[in-house]
Amino acid sequence: MNDEEIRRVLGLLHQDDTLRAFAALVLGQRPEQDEECLERLGRGGLAVRGEDGGWQARPERFRELLKSVAPPPRRLTGEERVLETFLVDGRLKEIPAKWEKRQIVLRHISRVFEPGVRYPEKDVNVALRAFHDDFSALRRYLVESELLSREANVYWRSGGPVDL
């Protein structure tokens, strides 16, 4: 499909007579417009003549045009699906109850801490509060999962993925 076909369909929908005829077909009604109008819809792929000689709408034409210009949706990895489920605008809706899902979320959160940098507990709390109000639970889970280490109220990143 090309841009010309898209322009043809949009042009048909821009004209009052073909728009009314297409709407009537979609609603299962007999269009009041003349045969020439229905033929134009047929040439644009928006209508097709049925076996009984009557016209039927082809709304699937829009899907065909969309597929021709839109890139296919990117397949999400399992981790990306989990993050998409639990994070909204970068913030956790809830802390996952299942261990595997929680680990995925915690690995994602651990990336806010730079490897080799020591953080006072106050700074860790501020960073984690950006993800969820229960920052103390997140901090505890990060330490238990060995993504953060702690000594004398100072934390540092000790695990998780490192972005290069």
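Here's a quick tour of a small sheet, one helix and the nonpolar cores in this structure. Keep in mind that the model is predicted.

Let's start with the sheet. Three strands make up an open, antiparallel sheet, ordered β5-β7-β6. Each of the edge strands, β5 and β6, pairs on one side only. On average, neighbouring strands here are turned by 30° against each other, direction ignored. Three bridges join β5 to β7, again in the antiparallel sense, and R118 has W156 in β7 as its bridge partner.

| Strand | Residues |
|---|---|
| β5 | 118-120 |
| β6 | 148-151 |
| β7 | 154-157 |

Next up is helix α8, which spans residues 135-144. Its buried residues are F135, A137, L138, R139, Y141 and L142. Their cover includes two strands of that sheet, β6 and β7, along with β4 (91-92), α6 (99-110) and α7 (121-129). Just past α8, E146 has a positive phi of about 60°.

So much for the helix; now the cores. Which residues touch the most other members of the largest nonpolar core? Out of its 23 residues, they are L92, I109, L128, L138 and L142. At least two residues of this core come from each of α5 (78-86), α6, α7 and α8, and α8 gives the largest share, with five residues.

L92 is worth a closer look. Leaving out residues up to four places away in sequence, L92 touches F86, L87, V105, I109, F131, H132 and L138. Another core, of 13 residues, lies apart from the one just described; F22, C37, L41 and A57 are among its members.

Definitions and conventions: Residues numbered from 1 in each chain as written. Predicted model: local features only at pLDDT ≥ 70, side-chain atom pairs only at ≥ 80, totals over all residues. Heavy atoms only, no water. Pairing = 2+ DSSP bridges. Helix = DSSP H or I, 4+ residues; strand = E, 2+ residues; numbered from the N terminus. Axes fitted to C-alpha atoms, helices over the stretch in contact; angles between N-to-C directions. Buried < 20%, exposed > 50% of the residue type's maximum accessible area, 1.4 Å probe, protein only. Contact = heavy atoms within 4.5 Å. Core = buried A, V, L, I, M, F, W, Y, C linked by side-chain atoms within 4.5 Å.
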